[in-house]
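Work through these exercises with the model open beside you. Try each task before you read its solution.

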Amino acid sequence: MRMTRLHAPTLKEAPKDAEVQSQKMLVRGGYIRKLAAGIYDFLPLANRVLRRIETIIREELDAAGAQEVRLPMVQPAEIWEESGRWGFYGPELLRLVDRKGGNFCLGPTHEEVIVELVRRDVRSWRALPLNLYQIQTKFRDEIRPRAGLMRGREFLMKDAYSFDVDDASALVTYDAMYQAYERIFARCGLDFRAVEADTGAIGGSRSHEFQVLADSGEDAIVSCDTCDYAANVEQAELPVPAAGGGPESAAVEVVATPGQRTIEEVSAFLGLPAERFIKTLVVTVDGRPYAVLVRGDHEANLLKVKRLLGAASVELATDAEVVAATGAPVGFAGPVGLKGVDGILADHAIAGLRDAATGANLADAHRIHVDAGRDFDARYADLRLAGDGDPCPRCDGRLRGFRGIEVGHVFFLGTKYSAPMRCNYLDEAGQERPMVMGCYGIGVSRIMAAAVEQNHDERGIVWPAAIAPYEVVILPLQMNKPEVVEAAEQLYADLARAGFDVLLDDRNERAGSKFIDAELIGIPYRIAIGARDLAEGNVEFKQRAGGDMERVALAEVTSRLQAARAERAR
C-alpha cells in the first residue's frame, strides 16, 4: 500500500476527551474515529489489525475443532424470556420494538440464539460434542462508556459455544478452549495472565479471565510469585490465617470519637494501627440487613458474601438502612450488642483478634478492648479482597498485585441455558437429557486497544509484529531524487514478492514528517532510504520495538527481514 492512497489521517494532538493511551494513539495514528459515546469507526489501518487478530483466532479455534457460524445481531425477546434473562440482564440490554409491535434486542451476547439453533437441529448424542463460534459486532448499552475501545458500547467480539453429553466431556472441551486461548494471546504478542474469575451475568460454575497486564487496566488481579495460581481479586481465595489469641483484654470501654468516621481518622485519633480495628459494613442481602466484619486494613468482598449465602444480590446499605440497623450514623457501626441485623459475618482474620477497636453503634463513639468471640459471635469465612503480599492459597508463595485488561473469558455453563430452553439430546438408551454447555468470549477490538496499552512509547504505538497493520514501512527521504525513488519502488516490489505486507510512504513530505508518522503508526520495521547512504549501497534499518538504527546493504534488506520473521516464529 502507498501512503498517498491510504486513508490514515494522523493528528498532532489527541482529542481532549481521550482518557487512556490506546484511545489517544489510535485516534492520532488514524486508526479510529469516534461516532458517538462508546461507538467508533474503524479506519483501514485498524481494520487490518483486526483482520490479523481474527486470523489468529480462526486458526487456533479451527485447530481446536470449533466451526464458524454467523448469527443475527437482532434477537427476539421470546428466547431471552425462555432463558429467564429478559428481565434480569438490566439496562445494558438495548431493547427494540419492530413495526408489528414485536420485542427484540441488540445482541450483547448469543447464548439464547445458539441454543435455539442447536436444539432445532441436534437430537442425538452422536452429533456431540459440537463447538460453534462467530466473530461479530455486539452492543451493550454501557451507562458510562469510557477508555475508548476498552469500555465501548459497540465492539467486535468472538463468541463460541460448546455442547457436550455430560460434565466430563464438557470439561475436556473447556480445557481445549483454555489452551487455544493461551496460544491465541501468545501469538498476538501479549503479556497476559489466565486468572480464576466470577461468572457474572453469563452464569455457570467455572470461569477464567485472560487479562493483559497494563497499568491502565480496570481489573485488579493477583498472581502467585511461586506457583501458577492467579485470580481476579474478587475471586481470589485466601487461606485461613494462623489462629490469633492471647490473654483476654480489659473490659470493653466506650470512648468518644467526635466526627471520626473512617478507619484512618479513628486510627490517628486513638493512636492504634488499622490492623487493630474491626471494620463493620452493613449490607442488604436480598433486601435483609447483615453486618460484614473485616480487619481495618482489609477490604470486604461482597461477591464472597453473595456466594457464602447463596444470595441473588448483596448491596451496601443506604445511610437510612445503616441507622435502622445500628441506631447510629454511618461510620460508627460495630458488632458488640448489634441487634438490628439478621446475622453477623466475619472474615477469618477477625477470629482471635484481641484488644480491638470498633464502632459503638452510637454517634461519635467507638469501643476499645474488644475481643472477638468474647464480646460478639459471628459466622466466619473468607470474606475479603485479596491484595499484594497476601499468602497464596495453593502454595507457600505470596500474591503479587497487577492491573489487567480483560480480553478473553471462558465459562463452564453446565445446563444453565440448555435446561430452561429444552436444548436436549437423546442418549444411547434413548433417554432425553439436557446438553452441557461452555461459553468462550474474546474481545477482538479490545485486544487491539490492550496491545497498544502494553506496547507504546512517547512517540506512538509499538505493534507486536503478528498483529501490526503492515510489517515494514519504506521511507524514501528525498522524493526529488530519482535514484531514491527508484530504489524505494524496487524494494517495495521485492518485499511484496517475498510475501511481506509493505507500506511505502511515497508522499512528497519532509523526512521529519515521515519519521514522526512512521513511529506514531507503529510499523515494526522501518527502512529509510536517503541519497547519501544509497550512494554507498546502504539504507537505514530500524526496528520499532527499541532497536537501534543500523546501516544495512540494500541488497540484504529482504534476507534480513526474512531472518527476523523466522526468529519470531520459533
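**Exercise 1. Find where the charged end of arginine 565 sits, then do likewise for arginine 95.**

Solution. Start with arginine 565: its charged end sits over the ring of phenylalanine 500, 4.0 Å from the ring centre. Next, the charged end of arginine 95 sits over the ring of tryptophan 86, 4.8 Å from its centre. The test used: NZ of Lys or CZ of Arg must be within 6 Å of the ring centre and within 35 degrees of the ring normal.

Two notes on the source. This is a predicted model, in which local features need pLDDT of at least 70 and side-chain atom pairs count only at pLDDT 80 or more, while totals for chains, interfaces and linings use all residues. Residues are numbered from 1 along each chain as its sequence is written, and side-chain values use heavy atoms, with hydrogens and water left out.

**Exercise 2. Divide the chain into domains.**

Solution. Domain 1 comes in two pieces, 21–237 and 401–452. Domain 2 covers 253–381, and domain 3 covers 470–569. These bounds come from an automatic or database domain assignment. Now take the C-alpha centres of domain 2 and domain 3: they lie 65 Å apart.

**Exercise 3. Place aspartate 427 and list its partners.**

Solution. First, the place: aspartate 427 is in the loop between β22 (424–426) and β23 (432–434). Strands are DSSP runs (E, at least two residues), as helices are (H or I, at least four), numbered from the N terminus. Second, the burial: the relative accessible area of aspartate 427 is 14%, so this residue is buried. The cut-offs are under 20% for buried and over 50% for exposed, with partly exposed in between (1.4 Å probe, protein chains only).

Third, the polar contacts. Such a contact is a pair of N or O atoms within 3.5 Å; within protein, one must be able to donate a hydrogen and the other to accept it, and residues adjacent in sequence count only if both atoms are side-chain atoms. The side chain of aspartate 427 joins that of arginine 433 at 2.6 Å. It also reaches the backbone nitrogen of alanine 429 at 2.9 Å. Last, leaving aside neighbours within four places in sequence, aspartate 427 is in contact (heavy atoms within 4.5 Å) with Trp125 and Arg433.

**Exercise 4. Count the disulfides, then check cysteine 105 and cysteine 392.**

Solution. The count is 0. A disulfide needs two cysteine sulfur atoms within 2.5 Å. For cysteine 105, the nearest cysteine sulfur belongs to cysteine 439, 15 Å away. For cysteine 392, the nearest is that of cysteine 224, at 3.6 Å. Cysteine 392 is buried, at 4% relative accessible area.

**Exercise 5. Count the aromatic pairs and describe the pair of tyrosine 174 and tyrosine 440.**

Solution. There are 10 aromatic pairs. Rings of Phe, Tyr and Trp (its six-membered ring) pair if their centres lie within 6.5 Å; planes under 30 degrees apart are stacked, over 60 edge-to-face, and the rest tilted. The centres of tyrosine 174 and tyrosine 440 are 6.4 Å apart and the planes are at 55°, so this pair is tilted. Tyrosine 174 is in helix α5 (residues 167–187) and tyrosine 440 in strand β24 (residues 436–443), 266 residues apart. Both are buried.

Now try phenylalanine 185 and phenylalanine 210. Their centres are 5.5 Å apart and their planes at 40°, so this pair is tilted. Finish with the cluster: ring pairs link Tyr178, Tyr181, Phe185, Phe192 and Phe210.
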